[in-house]
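Got your viewer open? Load the model, switch to a cartoon view and keep the selection box handy.

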Amino acid sequence: MGLFDMFTGTKRPSADTPARRPDEVYAALMAVNRPSAPFVIRDGSAEGVDLVAEWRIVDARWYEIFAKSSLSKVFRILLKLDPATDEVRGVDEEWAVEWRAGVPSLTASAEKFRGQKSSVQFGTAYAFTEQLEYGQVYNYRFSTGELKKPIQDAVLACGWTYKGVAFGKL
């Protein structure tokens, strides 16, 4: 374990886990995708990285949930595979988001974060339902760990290190 691993979010595989080929690591990360997850992992070539993991904020099935929860931040992880060191380097990015009539609209803001982040947003609401009964209308919890942990687990299972990048080049 490195001196700053705890601060950067770096996770290392056990010594007995053999390192897989880069294409196998890429495939393992893409396999983390599932329809029921509130996030997606996609190709990141448009952003100049290998993969991008982000909340499904513009997915029609999910934006109503995000809007009802008044989620005010958009979180994503940019991932780059480094076969020379058997590392997947990740940097977190976060922006402010504004909701208009239930549709997300990314706003230009002086508030942007880049580095390593750990946060949780949660809430619940009670009101009268369509059946005129008082009850829970929604309950939500969004955690950066919900996005990061499956990625880190897939990387470690491939014998690679997940290295969180806070400063410098990804």
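Here is a tour that starts with the whole chain, moves into the core and ends at some charged side chains.

**Whole chain**

Keep in mind that this is a predicted model. Color by secondary structure and you should find four helices and nine strands. Walking from the N terminus, the order is α-α-β-β-α-β-β-β-β-β-β-α-β. Now switch on the surface: the protein chain exposes about 9800 Å², with carbon and sulfur atoms supplying 56% of that. Of its 170 residues, 40% count as buried. As for how the chain folds back on itself, take the contacts between residues at least 6 apart in sequence: 56% of them join residues at least 24 apart.

**The nonpolar core**

Hide the surface and select L29, I77 and I151. These are the residues with the most contacts inside the largest nonpolar core, which has 21 residues. Which elements give two or more residues to this core? They are α2 (22–30), β1 (39–43), β2, β3 (73–82) and α4 (144–157).

Zoom in on L29 and show what surrounds it. Beyond its neighbours within four places in sequence, L29 is in contact with I41, L51, L81, I151, A154 and V155. Next, pick V52, L78, V91 and L170, which are among the six residues of a second, separate core.

**E54 and its partner**

Select E54, in strand β2 (residues 51–55). Is this glutamate buried or exposed? E54 is buried, because its relative accessible area is 18%, and buried means under 20%. Add R42 to the selection: the two side chains meet in a salt bridge, 2.8 Å from N to O. This pair ties together distant parts of the chain, with E54 in strand β2 and R42 in strand β1, 12 residues apart. R42 is partly exposed, at 25% relative accessible area.

Expand around E54 and, not counting residues up to four places away in sequence, you'll see that E54 touches P38, F39, V40, R42, F75, R76 and L147.

**More charged pairs**

Side chains of opposite charge can pair when their charged atoms come close. How many salt bridges does the model have? The count comes to nine.

Try R89 and D82 next: their side chains meet in a salt bridge of 2.7 Å, N to O. R89 counts as buried, since its relative accessible area is 17%, and D82 is buried too, at 18%. While you're on salt bridges, select R42, E47, E54, R76 and E93 together: bridges that share partners join them into one network.

For another pair, go to D23 and R21, whose side chains form a salt bridge of 3.1 Å, N to O. D23 is partly exposed, with a relative accessible area of 46%, and R21 is partly exposed as well, at 48%.

**Last stop: E87**

Finish at E87, in strand β4 (residues 87–100). This residue counts as buried because its relative accessibility is 15%. Draw a C-alpha to C-alpha distance from E87 to G159: they are 72 residues apart in sequence and 9.1 Å apart in space. Then display the contacts of E87. Leaving aside neighbours within four places in sequence, E87 is in contact with K80, L81, D82, W160, T161 and K163. D82 should look familiar, as the salt-bridge partner of R89.

Conventions:
Residues are numbered from 1 along each chain as its sequence is written. This is a predicted model: local features need pLDDT of at least 70, side-chain atom pairs count only at pLDDT 80 or more; totals for chains, interfaces and linings use all residues. Side-chain values use heavy atoms; hydrogens and water are left out. Buried means under 20% relative accessible area, exposed over 50%, partly exposed in between (1.4 Å probe, protein chains only). Contact means heavy atoms within 4.5 Å. Accessible areas come from the Shrake-Rupley method with a 1.4 Å probe; for residues, only the protein chains shown count as cover. A nonpolar core is a set of buried Ala, Val, Leu, Ile, Met, Phe, Trp, Tyr and Cys residues joined through side-chain atoms within 4.5 Å. A salt bridge is a side-chain nitrogen of Lys or Arg within 4 Å of a carboxyl oxygen of Asp or Glu.
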